Amino acid sequence: MLSLLLGLVMAQEATATPTISLINQYKQDYNFQISEYQKRYLDYVDKKEVYTKYRTVSTEKDKITATKTALFARNIMLKTYLMALRVSLDEFKSYNPTSISKTQIELSRWEDWCAEQNLIIPNLNSQQDITNWIDIFKEKYVSIQQIIYTTLTQNQINQRLEILNLTKLLSENIKNDPKTGTMLNDWLSALPIKSDLVTASLKIATDFTTAKQLSNRFDNFYPEAKVELNRTNIYLTNMLSDLRAVAIKLNQ
């Protein structure tokens, strides 16, 4: 049983290594862009304070330039984050390839939108232009937030499906062990029930991602989905604890 578990873990690590390496690279890029945006934002705050104090033509121009630079950097940061999310879905994509591919296409579409906006931002020549652009961004950001939290939820669902699948494989091998005997049947029979509970909670978490959003405000479903995801952690931990107890019994 231990040899099987070790083999499964090693196989998973060998398969996932290229994806994990790419995910880590995207995470590093995102962290770099966070730092860049923070610098541009602080400069914007400084220029805004100077303009508020003096209100001259030149200080207004400096503020507008700093605003555009900060918005430009924020869009790059957002695009990089969306890219990191999209790539992260590849790690467990095999558990729901159709749905994950659809999400990845949606993420890619918003990446392109961010890039397109950075062609527009340099041409915003007044505070009114900037205000109008920000209003459009706020409206679009409702949809962006929904796809972000859908991605986070889907990825965690697929992670748990991976654990559930490996647990089932391990359970089957224990059942087929000649030493198992009938005395452990009751113990092992509880596993399918807990497996169904995991599946049910994951279904509820998935349903949260399809909630309709208002056009001007994002209703964050992620905390509710997280409750169900945490519930599956309890079920999966109990399943693994049962298998550990069975393994100990077999080795006595």
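**Why is it called that? A chat about a six-helix chain**

Colleague: Why does threonine 151 count as buried?

Modeller: Threonine 151 has a relative accessibility of 1%. Buried means under 20% relative accessible area, exposed means over 50%, and partly exposed is in between, with a 1.4 Å probe and protein chains only. So at 1% threonine 151 counts as buried.

Colleague: And what sort of model are we looking at?

Modeller: This is a predicted model, where local features need pLDDT of at least 70 and side-chain atom pairs count only at pLDDT 80 or more, while totals for chains, interfaces and linings use all residues. Residues are numbered from 1 along each chain as its sequence is written, and side-chain values use heavy atoms, with hydrogens and water left out.

Colleague: How confident is the predictor in the chain?

Modeller: The yardstick is pLDDT, the predictor's confidence in each residue, from 0 to 100. The chain averages 88, and 88% of the residues score at least 70. Over residues 1–16, though, pLDDT stays under 50, and the model has twelve contacts beyond four places in sequence for that stretch. A contact means heavy atoms within 4.5 Å.

Colleague: Back to threonine 151. Where does it sit, and what does it touch?

Modeller: Threonine 151 belongs to helix α4. Setting aside neighbours within four places in sequence, its contacts are Leu85, Leu89, Thr103 and Leu107.

Colleague: What makes a stretch a helix here, and how many are there?

Modeller: Helices are DSSP runs of H or I with at least four residues, strands are E runs of at least two, and the numbering goes from the N terminus. By that rule the chain has six helices and zero strands. Along the sequence the pattern reads α-α-α-α-α-α.

Colleague: How do you know whether α4 reaches its expected span?

Modeller: The expected span is 1.5 Å times one less than the number of residues in the helix. For α4, with 49 residues, that gives 72 Å, and its first and last C-alpha are 70 Å apart, close to the expected value.

Colleague: Where does α4 bend?

Modeller: At lysine 140, by about 30°. The bend at a residue is the angle between axes fitted to the seven residues ending there and the seven starting there.

Colleague: Why is asparagine 158 called buried?

Modeller: Asparagine 158 has a relative accessible area of 2%, so it is buried. It lies in α4 too, and it touches Phe92, Tyr95, Asn96 and Ile100, not counting residues up to four places away in sequence.

Colleague: Tyr95 is on that list. Is tyrosine 95 buried, exposed or partly exposed?

Modeller: Its relative accessibility is 27%, so tyrosine 95 counts as partly exposed. Tyrosine 95 is in the loop between α2 and α3, and beyond its neighbours within four places it contacts Asn158, Leu161, Glu162 and Asn165. Tyrosine 95 and leucine 161 are 66 residues apart in sequence, yet their C-alpha atoms are 7.1 Å apart.

Colleague: What makes a group of residues a nonpolar core?

Modeller: A nonpolar core is a set of buried Ala, Val, Leu, Ile, Met, Phe, Trp, Tyr and Cys residues joined through side-chain atoms within 4.5 Å. The largest one has 19 residues, and Leu78, Leu82 and Ile144 touch the most other members. Two or more residues each come from α2 (57–88), α3 (97–120) and α4 (127–175). The largest share, six residues, is from α4. There is also a second, separate core of 17 residues, including Leu164, Ile174, Leu236 and Leu250.

Colleague: What does leucine 82 touch?

Modeller: Beyond residues up to four places away in sequence, leucine 82 touches Leu107, Trp110, Glu111, Cys114, Ile144 and Ile148.

Colleague: Why is arginine 55 called exposed?

Modeller: Its relative accessible area is 54%, so arginine 55 is exposed. Arginine 55 lies in the loop between α1 and α2, and its phi is near 50°, a positive value in a residue other than glycine.

Colleague: And why is lysine 47 called partly exposed?

Modeller: Lysine 47 has a relative accessible area of 24%, so it is partly exposed. Lysine 47 lies in helix α1 and touches Asp62, Lys63 and Ala66, leaving out residues up to four places away in sequence.

Colleague: How much of the whole chain is buried?

Modeller: Of the 252 residues, 37% count as buried.
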